[in-house]
Amino acid sequence: MKKVYAIAVTMLAAMPLAAQETYENVKIATEDLNGTARYVGMGGALEALGADISTISTNPAGIGLFRKSGVSVSFGLNSQQGVNNAVGGTKTNASFDQIGIVFSQRVDKTSYVNLGFNFHKSRNFDQILSASNSLDHASLSKLTWNKAADGLLYEEYKDAQNRILPDMDKPYITCNQLDAMLTEGGLDYDSEKKDWSYYDADKYRFDRSHTGYIGEYDFNISGNINNRVYLGLTVGVHDVHYNHYSEYSEDYPVNNGYYGITVSDDRSITGTGFDFKAGIIVRPVETSPFRVGLYVHSPTFYELRTSNYTTITDGDYTISSRNIYDGNFRSNYKFKLYTPWKFGLSLGHTFGSQLALGATYEYSDYSATDSREITDERYDAWTDSYHTRSESDRKMNDHTQDMLKGVSTLKLGLEYKPDAAMAIRLGYNYVSPMYKSKAFKDGALDSFGSYVSSATDFVNWDETHRITCGFGYTIDKFNISAAYQYSVTNGSFSPFMSCNDDQGRPDYINKATYCDVSNKRHQLLLTLGYTF
């Protein structure tokens with residue numbers, strides 16, 4: 001078996017514009033259930049009940065129900081169940097989750113104007129993902145050569161070291177970073193023997209460690225009219241810090257032994273975004289505490305930068321994008337991402353001062369996620385800042401529309417107060433599947449997002465179930481709350497996209513073997529509050 005050799009050259013060393021890929025975008029576009037312990041303990045079902053700082057990022061009108069000013073801070077401990085510490089990841093992590101303040105000002109006998117600010121982690125990326133399975137006459141290397149057989153790879157490999165940009169007028173050019181490395185410096189197909197079994201691996205192993213978070217900074221103005229109508233508006237700023245490191249290994253049977261290839265991927269995504277949220281809560285009957293809430297979220301308008309290193313090794317020899325251009329090369333580019341609109345309907349009712357019930361339904365169509373290419377970036381000397389222009393990546397957006405679908409979220413919550421100082425809370429939170437039944441990561445798209453791709457794996461996650469509980473206690477102006485959340489999401493992992501053949505070439509078929517994976521998480525949350 002020939003070993004990895006030569007210098008690997010990435011294809012797009014000087015790419016000035018790019019767009020991210022569907023499965024990577026989902027990590028940024030989705031959110032966790034997180035906030036104050038009261039909010040989490042009730043499953044997040046406070047969008048009509050209000051009077052909790054966490055509603056600033058869901059239904060802004062909930063801040064309008066505050067009658068006193070207050071400040072709160074929350075800390076958490078997150079642990080992933082049933083995983084091992086792999087490639088540097090840790091399954092238990094402490095977290096600073098929330099800090100916020102509300103200033104409430106009475107403007108007449110029954111009306112208030114409130115101002116609020118809150119920071120919370122809308123997304124905690126800490127996760128370990130491991131998968132392994134057999135392969136039946138298939139491999140990542142065979143996938144690359146199947147693309148070559150279909151004319152999907154850039155042809156001028158002899159000039160690869162001098163190549164900085166592909167000819168974008170050629171629609172068949174879909175060679176990505178990993179394809180280029182496998183072809184230039186990877187397993188060498190023997191064109192004389194035409195022996196496709198050269199690429200037949202019989203098993204694979206995969207490990208990835210995700211770290212980082214998205215911090216959301218929300219600024220709110222809200223109020224009420226005669227304690228019947230509550231209105232709110234929130235402007236949010238999102239701060240993205242995402243990292244992952246993965247290792248994918250394939251074993252090829254050779255002379256009663258195995259020859260192994262390992263591909264590692266080290267990627268980060270950073271950047272910022274902003275959005276707008278508006279909401280209303282109404283008490284339809286003046287003599288009843290029953291409330292109805294409606295709210296809408298604009299897309300989050302992200303401008304992000306992603307960068308990565310890719311390495312291929314057989315244990316004896318290693319080729320890496322780090323080696324290119326005197327070790328200074330790193331695949332690094334900007335892109336824009338616009339998440340979909342979100343709509344919510346909520347109901348809330350209180351029974352005296354002892355029992356509160358809440359229910360919320362949210363909907364967001366993730367197939368409408370907009371991946372955008374940055375087409376121009378200019379420096380403005382007057383403001384000492386850069387301004388960018390962008391356009392939709394139509395190929396990737398078409399793929400997103402084919403792979404993703406609308407997502408429904410159901411939140412149910414209960415709070416019971418056996419006395420005025422103590423509260424007991426229960427909640428349930430359900431999120432429907434985002435991926436269509438036959439979704440896959442398409443590495444053959446004529447898209448910038450495919451060109452710069454350095455990983456072929458993907459997971460089609462199913463629905464998410466969250467069960468929550470908690471308690472609270474008030475002493476004078478101080479309050480303390482604790483919550484526990486258990487969440488589980490199952491999914492199906494694939495190391496790469498499958499290829500079928502319609503030209504009668506059985507050895508050309510390259511079908512990946514899926515593997516069941518699960519993300520089971522425990523969260524403990526503590527909130528300290530003060531009312532003034």
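The following legends describe three close-up views of a predicted model.

**View 1. The hairpin formed by strands β14 and β15.** Strand β14 covers residues 370-380 and strand β15 covers residues 385-392. The two strands run antiparallel to each other and are paired over eight bridges. One of the bridge contacts joins R372 to S392, the latter in β15. Four residues separate β14 from β15 in the hairpin. Within this turn, D384 adopts a positive phi of about 55 degrees.

**View 2. The second largest cavity and its lining.** Eight cavities of 30 Å³ or more are found when the whole structure is searched. The second largest cavity has a volume of about 180 Å³. Its lining comprises 17 residues, and those nearest the centre of the cavity are A29, E31, T300, T339 and K342. By residue class, the lining of this second largest cavity contains eight polar, six nonpolar and three charged residues.

**View 3. A nonpolar patch on the surface.** The patch has an area of about 910 Å². Its aromatic-lettered members are F75, F96, Y416 and Y473, among the residues that make the patch. The patch is also made by I99, M422, I424, I475, I480, L526 and L528. Several strands contribute: at least two patch residues come from each of β2 (92-106), β17 (422-431), β18 (458-475) and β20 (515-531). Y416, another residue of the patch, is located in strand β16, which spans residues 406-419.

Conventions:
Residues numbered from 1 in each chain as written. Predicted model: local features only at pLDDT ≥ 70, side-chain atom pairs only at ≥ 80, totals over all residues. Heavy atoms only, no water. Pairing = 2+ DSSP bridges. 1 Å grid on protein atoms, 1.4 Å probe; cavity = no way out; pocket = protein on both sides within 12 Å on 5 of 7 lines; lining within 4 Å. Points joined across faces, edges and corners; volume = space filled by probe spheres on them. Nonpolar A, V, L, I, M, F, W, Y, C, P; charged D, E, K, R; others polar. Patch = residues over 30% accessible without salt bridge, like charges linked within 9 Å, V, L, I, M, F, W, Y side chains within 5 Å. Areas by Shrake-Rupley, 256 points an atom, 1.4 Å probe, with all protein chains shown as cover. Salt bridge = Lys/Arg side-chain N within 4 Å of Asp/Glu carboxyl O.
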